[in-house]
Amino acid sequence: MGKIIIKNAFREIKTTLNRFLAIMLIVMIGVAFYTGLKAVGPDLKNCASDYFEKNNFMDYRLVSSAGFSEEDLKEIEKLNGIKYVQPVYSMDAFQYWDNHSYVAHLVSIPMSGGSINIPLLIEGRMPKDLSECVIDKQKHGNGPKIGEQITLSSGTDTPISESLENNKLTVVGIVQTPQYITKERGSSRLGTGKVGGIVFMPAENFKFNFYSEILVKASVEPGVNSFSEEYVSFIEKFRGEFENISLKRSDIRREIILNDAKAKIDEQENEYESAKLEAERKFSENIKNLDEAKSKLQDAQTLLDKKEKESQDSFENSKLQLEEARKNLEASKNDYEEKLKAYRDALLVSNGKQLEALNQQKIQLDAAKAAIENSEKELEKKEKELEEIAEQAQISFEKQRNELLEQSKALETSYDELNKKKHETDQKFLQTKEQRDEARENLNDISAPEWHIFERDENPGYADFKGAIDRTSGIASLLPIFFFAIAALVCLTTMTRMVEEQRTQIGTLKALGYGSTAIAFKYIFYAASASITGSILGCLIGFNLIPSVIFAAYKILYAIPEMHGEFYFGIAFSASFFAVAVTVAATMITCIASLKAVPSELMRPQAPKAGKKILLERISFFWSRLKFTQKVTVRNLFRYKKRFWMTTLGVACCSAMLVAGLGLRDSMATQVSQKQFDEILKYDLSVQCREGVSQGELSDAENFLQSISPGTSFTQTVSKNITAQNSEKTSEQIDCSLTVPMDVQKFGSYFALRDYKTLAPLNLFDNGAIISRKLAKMLGVSIGDEITISEDEVETHHILITGICENYIQHYIFMSPDYYKEIYDQTAKANQILFKLGGEYSSEKISSELMNMDGISSVRFKSDSREDFKNLLKSIDYLIWVIIVSAALLALVVLYTLTAININERFREIATIKVLGFYDNEVSSYITKESYLLTLFGAAIGLLAGIPLHGYILGSAEVGNVMYVENILPQSFLISAMLTFAFTWLVNKIMNGALKKIDMVEALKNSDR
């Protein structure tokens, strides 16, 4: 007997293969979706855990405000359960190569190869000497190539040579490191505040006296997953031990620091006393020299006065002598005049005898006259010479006097400068003494260095990756429910129809003595075999296809070198068991009613259900206006309530998934891109400057862009990368960008600060900051709360939140220059320029020209950021297509199954109307109108149900620094409805062939139909 039942069951599968395939397909889709999405989380965890284990990803990272010594290292190595302890030197520096530059994080690796956070070599080789390095795989592949040389610069007043033995390194390899599995590389105090890449170099290249950090790897049992509770519980016990060591070593280190500080102060005091004595000696020596110079100057002045007096006396004597000679000459002239007059008088009365005597007298007079004239000339000459000598002497004395005066003034200036310098030196010594005294007084205020203990969960990339896995698991928990629910409904409908069709057969078997269990076995076997087959196929597809699609998306976001799918028996068993249980339970529920009946009742044809009016028939003014075929269609819809709800719910699930899938595209790509890059970011270009950029260099960039693109406007800002955490430190540290506009009023034209709820403009005040919505959400804070920000892992600042702005990509904190000064105790200095370009421009030309300018470190066009975001969200297309294809299969299976059942149930009715003369197209319309109406009802419900489904998936799929728009565009509803109707149209086209093949005579002869 059992063999007959089994043969009958296999025969039933063969004769109703379409029904069997319908159950199998719906189960296969549900199981595939469930196993695939459920396997993604474990697959990602296993792949990441294997990667972390293979490369010895650190379990703890220890950072100290004062660095670590060898003694600190030895204390940690003494702990039981510690496998490796690796000290690390690290620092940030500017990296230059081939006219490019960015801020790089320099990390030491042992020459023999690291034991923790081992870099995975992607290309090239590891360094062999201090002139070589390897770099991490760049985000966009735009870093230095193997063989190129990079130059490192400190970016500060301290030369890099004080920190590194060699700052010119050759790149010999490209690596990946488990410490950085996301594309972000952290923040820095240099340049833009954003680390562009990692440079690994031999530890011997660093000149530090203390280690920057210590990496710890615990002796975790092999095979323990990094994301398991077993790992967490094992690792957690070390935190307390590290804290105990920290307390002990911090006190010891404090004493060392105190002693070093005291020794330094004593050394400074000795240097101070020596410098003070030397300064006083030099001052005394300089005063002595000045006094000697002053004495010599006074002697020279006295000598000059003496010489001037002697010269004046000599001049006066010479002048007196000349006056005496003048008087004698005048006397001689008078005597000559008298003699001349006497001669003339004598000449008038003279006679011949006297004439000879007069002539002799005349000769004497002429000789006297000549002598007088010569004497007069000689006297005039001497007077003139005396005047010239006096004038020359006066000039000489004036010159000497002026020189002495200048020397006197210079001497006075030297006295003043010396006194001023002495005063400044005294003030400096006094200030130095006060500082030293203050330092000595503050020695007791020096606190012990604080150890900061970071687990894996506090690594940003690790935490983000773990969160992404949890979000994927969240999605996996919901979507498969749709398929399993529909599988139960399809199975219930299919098996109900099968049992009803085989009432006579069931009655015959009961009359022949078969028990209810044996009879039910056939139908249970039918449903179970379809479910098991579908489950097996679903597991094969789920474990291989869906994870590979999701992996492709994750490879875009995370640097996990190898991702591979595995078979998880637990997931496969739970999915298969649930699927089989659902279908078998539905089959048993169907069989119970028929198996309770007696054979005679089952062997008679089932009496048709009593006709009754539907609700619409009672609305006479509406019902009377319907045509006959319309009335038949409406009656059939509400007469077969089970089929009505089965089809409606199936179509609703399909529509809901389509809405959710297309809505994801709207929320993640279309609307985010539009709002972020068109409405919020209003600038076209951002130019990032190097540390210490001058205002002149900023002006050069501004003038260049105004010349190349007339109408260009700009504003200057401070931009730096920081981390943020809520004040209670209950949230993880989140990387974000701090922006300080130099012109607060002008900034709104370049970055729209608006409230995320009302879209009203927000203003920057001097008592708080504005943060972006996603950052507020992740920190769990609201307006009026405080958050903690930090540029490194030691120094922190507290800021008050005065506003939460709309923003979708990256986390931002905005504050005014005055509030920045209050927080950081320093004036904000611009290091970024935002440009709104006018007219046409060439981005390549602008980029190349700007990068050649002094002070410019990077150039970024908004269009490039938009394109990067578009590429990032290409991974969303995979998920959307998975949802759409799954929704299409769901709709096709449900509609095909229920339409086939509808036709089968109304076989005689359809044959009758064909006999009455209905054409094929009229018969088709008679049936398909019901399908379209049911699709309309189901689509209406599904479009509404898609909204919360979209919200759930969106919340589960949200990634780190991206905020999605919780809104579905109208066209997505329209496309979802159109696709749903397209699936119905396709099923109806397929079923039209079955309608045409109905044998009217055979159908009307068969009383079972």
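How many Å should the 14 residues of helix α15 span at 1.5 Å a residue? The expected span is 20 Å, and the end C-alpha atoms of α15 (residues 695-708) are 20 Å apart, which agrees. The model described here is predicted. The points below treat helix α15, a cavity and the residue Ser886.

**Helix α15**
- The buried residues of α15 are Leu698, Ala701, Glu702, Phe704 and Leu705.
- These residues lie on the same side of α15, because they cover an arc of only 160° around the axis.
- Among the elements that cover the buried residues of α15 are the strands β12 (685-689), β13 (713-726), β19 (832-836) and β20 (856-861).
- The helix α19 (843-851) is also included in this cover.

**Cavities**
- Rolling a probe the size of a water molecule over the atoms reveals where empty space remains.
- The structure contains 2 cavities of 30 Å³ or more.
- The volume of the second largest cavity is about 30 Å³.
- Glu53, Asp59, Lys217, Val220, Val224, Ser226, Tyr231 and Arg456 line the second largest cavity.
- By residue class, the lining of the second largest cavity consists of 4 charged, 3 nonpolar and 1 polar.

**Ser886**
- Ser886 is located in helix α21, which comprises residues 874-905.
- Ser886 counts as buried because its relative accessibility is 8%, and buried means under 20%.
- In sequence, Ser886 and Ile26 are 860 residues apart, whereas in space their C-alpha atoms are 9.9 Å apart.

Note on methods
Residues numbered from 1 in each chain as written. Predicted model: local features only at pLDDT ≥ 70, side-chain atom pairs only at ≥ 80, totals over all residues. Heavy atoms only, no water. Helix = DSSP H or I, 4+ residues; strand = E, 2+ residues; numbered from the N terminus. Expected span 1.5 Å × (residues − 1). Buried < 20%, exposed > 50% of the residue type's maximum accessible area, 1.4 Å probe, protein only. Arc of directions from axis to C-beta. Contact = heavy atoms within 4.5 Å. 1 Å grid on protein atoms, 1.4 Å probe; cavity = no way out; pocket = protein on both sides within 12 Å on 5 of 7 lines; lining within 4 Å. Points joined across faces, edges and corners; volume = space filled by probe spheres on them. Nonpolar A, V, L, I, M, F, W, Y, C, P; charged D, E, K, R; others polar.
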